[in-house]
Amino acid sequence: MRRSPSILLDSARRRVVIGDGGMGTQLQIAGLEPGAAGELWNVENPDAVVAIQRRYVNAGSAIILSNTFGGSSLALERHGLAARASELNRAGAQAACRAAGDRAWVLGDIGPFGGFLAPLGEHDPDAVFASFLEQASALLEGGADGILVETMSDLDELVLALHAARQAGAALVGGSLCFDPTAVGPRTMMGIAPAAAAAAMLAAGADILGTNCGTLELEGYAEVVRAYRQAAPGAVIMVQPNAGQPVLEDGAAVYRQTPEAFAAALPVLAAAGANIIGGCCGTTPDHIRALAAASAPVPL
Ligand SMILES: [Zn+2]
């Protein structure tokens, strides 16, 4: 029997719960062409998706995300796959549930739709909401325990997706924003501070306040967590840093932080108030294994 969302939140309040790590790079190692739609593999090569997610569960992830980051119809449109959004998301949640068994929670993953909302951009908020609602509904149909909206740079887009996840009937909803360092502390691309973001996410019904990716260093992520904690003392806070700062190799950004160096962040982030800690760009099952070891009590 799948563990309930309320047990996940209770567990996270008692001790650090370990999330998963990067998916895109792992798919490419498994043979996905760069630039191709990884979501298609939920239907065409689900065993490869399950194998990656199972490596995370075996490494110690208690939460895994479905392989549906770019799975909104608007994001799939650039691959000509918009009409298959429901199918690809349902299959993505099913694959993640297969990998998790009864050992991990499955959060249906929703990433940015890939454009800008009006009036800054040309996308009608109602159409973006409808796209997220369709995605969230399919993820829940496929068996996801809840929905995580992540790697969002625009707080307004994140809030739209949180409302869509709630309307779809998600029993647990989390939101995770990207921040960049500025002279006045971490800010989103649009200049929003963490405390204001926390308030907006809570008002939109988020059970989990998260930050992931972006261009912060460890102290920056810790600063976001502390600001969330101060703004929302009772909230469950999730942080999924990148594996250090990217370096350019042959024109591509690669992340070179070792699993040991990555895991050294855990006590810092936990002390700042983080309840769920995982990884984003550049993190692998080895990074998650090191993180889980750092979170475990030292045996006598
Ligand atoms: Zn990332």
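# A buried cysteine and the fold around it

Cys213 is buried, with 21 other C-beta atoms within 10 Å; a residue counts as buried if 20 or more other C-beta atoms lie within 10 Å of its own, as exposed if 12 or fewer do, and as partly exposed in between, with C-beta atoms placed from the backbone. The model is a predicted one, in which local features need pLDDT of at least 70 and side-chain atom pairs count only at pLDDT 80 or more, whereas totals for chains, interfaces and linings use all residues. Residues are numbered from 1 along each chain as its sequence is written.

## Overall build

The protein chain holds 13 helices and 10 strands, where helices (H or I, at least four residues) and strands (E, at least two) are DSSP runs numbered from the N terminus. A compact globule of 300 residues would have a radius of gyration near 19 Å, and the 18 Å of the protein chain agrees with this; the radius is taken over C-alpha atoms, and the globule rule is 2.2 Å times the number of residues to the power 0.38. Taken along the principal axes, the C-alpha atoms fill a box of roughly 55 × 45 × 40 Å, and 53% of the 300 residues count as buried. Two residues are in contact if their C-beta atoms, placed from the backbone, lie within 7 Å, and among contacts between residues at least 6 apart in sequence, 79% join residues at least 24 apart.

## The sheet and the hairpin

An open sheet is formed by 8 strands in the order β1-β10-β7-β6-β5-β4-β3-β2, with parallel pairing; two strands pair if DSSP finds at least two bridges between them. Because β1 (17-18) and β2 (63-65) stand at the edges with a single partner strand each, one side of each is left without a neighbour in the sheet. Helix α6 (residues 85-100) packs on the sheet, where it touches β2 and β3, and its direction makes about 155° with that of β3; axes are lines fitted to C-alpha atoms, for helices over the stretch in contact, and angles run from 0 to 180 degrees between N-to-C directions. Strands β4 and β5 pair in the parallel sense over 4 bridges, and Val149 stands opposite Gly175 in β5.

Strands β8 (residues 246-249) and β9 (residues 252-255), by contrast, pair in the antiparallel sense over 4 bridges, and the bridge partner of Leu248 is Ala253 in β9. These two strands form a hairpin with 2 residues between them.

## Helix α8 and the nonpolar core

Helix α8 (residues 155-168) has 14 residues and reaches 20 Å from its first C-alpha to its last, close to the 20 Å expected at 1.5 Å a residue, the expected span being 1.5 Å times one less than the number of residues. Since 10 of the 14 residues of α8 are buried, the helix is largely enclosed by the rest of the structure. The buried residues of α8, including Leu158, Leu162 and Ala165, pack against β3 (105-110), α7 (125-141), β4 (146-152), β5 (173-177) and α9 (194-203).

His163, also placed in helix α8, is partly exposed, with 17 other C-beta atoms within 10 Å. Not counting residues up to four places away in sequence, His163 touches Phe129 and Ala204.

In soluble globular proteins, nonpolar side chains tend to be buried together. A nonpolar core is a set of buried Ala, Val, Leu, Ile, Met, Phe, Trp, Tyr and Cys residues joined through C-beta atoms within 7 Å. Of the 96 residues in the largest such core, Ile64, Val106, Ala136, Ile147, Ala165, Val225 and Leu269 touch the most other members. With residues up to four places away in sequence left out, Ile147 touches Leu107, Gly108, Ile110, Ala136, Leu139, Ala165, Ala170 and Val173.

## Backbone features

The table lists residues with a positive phi.

| Residue | Place | Phi |
|---|---|---|
| Thr151 | strand β4 | about 55° |
| Gly169 | follows α8 | near 105° |
| Cys213 | loop between β6 (208-212) and α10 (218-231) | near 60° |
| Asp250 | turn of the β8 and β9 hairpin | about 50° |

Neither Thr151 nor Cys213 is a glycine. Thr151 counts as buried, with 22 C-beta neighbours inside 10 Å. A separate backbone feature is the cis peptide bond from Ala118 to Pro119, with omega near 5°; Pro119 is found in the loop between β3 and α7.
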